[in-house]
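Reader: Hello! I am new to reading protein models, and I would like a close look at one part of this one. Could you take me through how two of its helices pack together, and then show me how that fits with the rest?

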Amino acid sequence: MEGLSERQYAARVGLSRGAIQKAKATGRVVLHGDGSIDAVASDTLRSEATDPSKTRKAPQPKLKPVPEAAVSAVGETLREQGMAAPPVGSGTTFLQAKTANEVLKAQERRIRLQKLKGELIDRARALSLVFRLARQERDVWVNWPARAAALMAADLGVEPAAMQKVLENHVRAQLDDLAEVKPDLR
C-alpha cells in the first residue's frame, strides 16, 4: 500500500470518512494505483478547489481586553485579603481573578447584610440629614439674639438694641466659622 486509507486520510485532515468518500467519488482526492489516497497531492488539490469562505475554521475564542483598572482592582482585593497579587502589567491568572471575584462577592453580601441590619446608611441620605439639621441649627442661632437681647439687657441694665447688635455680630461670626466646616462621610 502506497498511500493512506480513507479512515487515515479523514483523521489527518479532520473530516469524516463519509466526506472523504464523497470527495473520492467526485474526484477531489488523488488516488494511487492501488486505490489508496495520495495525501500530499490530495491536500494540494483540496486547497486549490476549496472555497475558503466555505471552510469550517476552529472557532476562535472571543477574548475581550481586560481594562487595567479591573486588573488593579483584582490586585487590591487580593492584597486586602493578604494574598499574593500579580505585579503590575504582568496580567492576572484565572485563579487569582476567580479568588478576587469570590472575595468581592463575599464583601458585597456582607455589606448588603449590614445594610439590612441597619448598620449601614445611605450616604446621600446622611448628607441630606446633616444639611437639614445644620440649617435648622443655623436658623435657631440667627433668631436667638432678638429673643435673648431684651432679657440680657434688662439683667445688665443696658439698652436692648445695642445688646441685640452685639449679640448678632458675635453669632454671625460664629456661624461664618461653622459654614467652613464640611462633613466628611467616608
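Author: Happy to help; what follows starts with the whole chain, turns to one helix pair, and then visits two other spots.

Please keep in mind that this is a predicted model. The protein chain contains seven helices and zero strands, and reading along the sequence gives the pattern α-α-α-α-α-α-α. Of the 186 residues in the protein chain, 16% are buried. The chain exposes about 14800 Å², and carbon and sulfur atoms supply 57% of that area. If you take the contacts between residues at least 6 apart in sequence, 35% of them join residues at least 24 apart.

Now for the close look. Find helix H6, residues 123-156, and helix H7, residues 160-179. Their axes lie 8 Å apart, and the two helices pack at an angle of about 145°. The crossing of H6 past H7 is right-handed. Which residues of H6 and H7 meet? On the H6 side you can pick out Arg138, Trp141, Val142, Trp144, Pro145, Ala146, Ala148, Ala149, Ala150, Met152, Ala153 and Leu156. Facing them from H7 are Pro160, Met163, Gln164, Leu167, Glu168, Val171, Arg172 and Leu175. Sorted by class, this contact has 16 nonpolar, one polar and three charged residues.

For a second pair, turn to helix H1, residues 6-13, and helix H3, residues 39-49. The axes of H1 and H3 come within 12 Å and cross at roughly 50°. Why are H1 and H3 called oblique to each other? An angle from 35 up to 65 degrees falls outside the roughly parallel and roughly perpendicular ranges, so it counts as oblique, and H1 and H3 are therefore oblique. H1, too, passes its partner H3 in a right-handed crossing. From H1, the residues Tyr9, Arg12 and Val13 meet Ala39, Ser42, Asp43 and Arg46 of H3. Here the classes come out as three nonpolar, one polar and three charged residues.

Last, let us zoom in on a single residue, glutamine 107. You will find glutamine 107 in helix H5, which covers residues 94-117. Is glutamine 107 buried or exposed? The relative accessible area of glutamine 107 is 16%, and because buried means under 20%, glutamine 107 is buried. Leaving aside neighbours within four places in sequence, glutamine 107 is in contact with Glu80 and Gln81.

Key: Residues numbered from 1 in each chain as written. Predicted model: local features only at pLDDT ≥ 70, side-chain atom pairs only at ≥ 80, totals over all residues. Heavy atoms only, no water. Helix = DSSP H or I, 4+ residues; strand = E, 2+ residues; numbered from the N terminus. Buried < 20%, exposed > 50% of the residue type's maximum accessible area, 1.4 Å probe, protein only. Contact = heavy atoms within 4.5 Å. Axes fitted to C-alpha atoms, helices over the stretch in contact; angles between N-to-C directions. Left-handed = near helix turned anticlockwise from the far one by under 90°. Nonpolar A, V, L, I, M, F, W, Y, C, P; charged D, E, K, R; others polar. Areas by Shrake-Rupley, 256 points an atom, 1.4 Å probe, with all protein chains shown as cover. Parallel < 35°, antiparallel > 145°, perpendicular 65-115°, else oblique.
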